[in-house]
Amino acid sequence: MSTPPAIRIDNLVKRYAAPKGAKGEEAQGKLALNGVSFDVPQGSIFGLLGPNGAGKSTLINILAGLVNKTSGSAEIWGFDIDSQRRNASRAIGIVPQEIVFDPFFTPYEVLENQGGFYGIPKKDRRSDELLAAVRLADKRNAYARTLSGGMKRRLLVAKAMVHSPPILVLDEPTAGVDVELRRQLWELVTEMNREGVTVVLTTHYLEEAEELCDRIAIINHGELIANKPTRELIEMAREKIVRVETEADISATPAHETFTKVERLDDRALEVTYDKDKLSAGQVLAILQEQGLTIEDVTTREADLEDVFVQLTGTGA
Ligand code: ADP
Ligand code: MG
């Protein structure tokens, strides 16, 4: 028997209600999710990647029970989010995109209150253990309003884990945070995953998804456009780019049937895009020289997730 997925999303649709008095296309309301389906495998760090406005938070908020879906279904740890909402909620911890706190509670109190909310008996609560895990033990009794942005984020991670859910979801955990804090959050996430927690994180940073996630789904305009192991996804970026600078002005833009694209940057520079499976950079240069160019300088660019994204969506991220 194969392991059931941690999360199963099936043909999820969300259309937000139109603003009052909206006309034309706007009157139908914003279609934020247009039939999205995918599974999150147990034990993975799963990246939900997409540009701003793609529908990531809408999807997470439906799982959290904060937004009502229009149609489709979702299961969390095998529990249907409609018919088994309580069990579904208990199986997931969510760190929302927006930081909201009562500023007059201390980190310890925030976690104790959350434990109370879930009906966890005092002796079974893990508040101090969680504070240590997110490196906030020394802020145990400080007011939440005195914490830095990064500390608040970490406290939210601890808060999401109070009821020991098998799944942790982070919605844009590193948007607008500095490099140092991003590192800390990445470590924390990796650590929790090592301990068996399935992690879902949304991000619009390609680099982040590439570094952290073992599987990546990409959504754009409410539609799933890719869902693959990270390595396979990166391999999809077959295109490579060679940029050359020439000794003399380029009189005619070179062309060849094996080139995907040739772009003149200025009088003495151009970029050739080619399929790395069909051609090598050396062959590209040879073709250019045959066509009479004297090359002075060459740079090549490796495919990364950004290239995949551009290829799949036809836009920059
Ligand atoms: P992401 O998290 O990927 O940036 P969102 O899920 O927040 O995307 O938004 C998806 C789309 O739905 C956007 O066009 C956004 O403007 C719209 N949207 C989000 N929340 C609401 C809402 N409460 N009412 C109407 N439209 C919304
Ligand atoms: Mg969002």
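1. Start with ligand 1 and its backbone contacts. In this predicted model, a polar backbone atom of Gly53 sits 2.7 Å from an oxygen atom of ligand 1. Gly55 does something similar, with a polar backbone atom 3.0 Å from an oxygen atom of ligand 1. On its own, ligand 1 would expose 560 Å², and the protein buries 62% of that.

2. There is a side-chain contact to look at as well. Tyr16 places a polar side-chain atom 3.4 Å from a nitrogen atom of ligand 1.

3. Now the whole shell. Going along the chain, ligand 1 is surrounded by Tyr16, Lys30 and Ala32, then by Pro51, Asn52, Gly53, Ala54, Gly55, Lys56, Ser57 and Thr58. Sorted by class, that makes four nonpolar, five polar and two charged residues. Helix H1 (residues 56-64) is the biggest giver here, with three residues in the shell.

4. Ser57 is worth a second look, since this member of the ligand 1 shell also turns up at the metal. The magnesium ion (ligand 2) has Ser57 (OG) and Gln97 (OE1) as its protein donors, 2.1 to 2.3 Å away. Those two come from distant parts of the chain, 40 residues apart: Ser57 belongs to H1, while Gln97 is in the loop between strand E6 (92-95) and helix H3 (107-117). Is Gln97 buried or exposed? Neither, quite: its relative accessible area is 30%, so Gln97 counts as partly exposed, given that buried means under 20% and exposed over 50%.

5. On to the strands, beginning with E1 (residues 7-15), which runs antiparallel to E4 (residues 71-76) and is joined to it by five bridges. If you want a spot to check, Val13 faces Ser71 in E4. E1 also pairs with E2 (residues 31-40), again in the antiparallel sense, over seven bridges. There, Ile7 stands opposite Val40.

6. E7 (residues 167-171) is the other strand I'd open up. Five of its five residues are buried. Both faces are covered, with Ile167, Val169 and Asp171 on one side and Leu168 and Leu170 on the other. Note that Asp171 is among the buried ones.

7. What does E7 pair with? E6 and E7 run parallel, joined by four bridges, and E8 (residues 198-203) pairs with E7 in the parallel sense over five bridges. Val169 is a handy landmark: Ile94 stands opposite it on the E6 pairing, and Val200 is its bridge partner in E8.

Terms used: Residues numbered from 1 in each chain as written. Chains lettered and ligands numbered in written order. Predicted model: local features only at pLDDT ≥ 70, side-chain atom pairs only at ≥ 80, totals over all residues. Heavy atoms only, no water. Donors = N, O, S within 2.8 Å, 3.2 Å for Na, K, Ca; no water. Buried < 20%, exposed > 50% of the residue type's maximum accessible area, 1.4 Å probe, protein only. Near = heavy atom within 4 Å. Polar contact = N/O pair within 3.5 Å; in protein donor to acceptor, adjacent residues only side chain to side chain. Areas by Shrake-Rupley, 256 points an atom, 1.4 Å probe, with all protein chains shown as cover. Nonpolar A, V, L, I, M, F, W, Y, C, P; charged D, E, K, R; others polar. Pairing = 2+ DSSP bridges.
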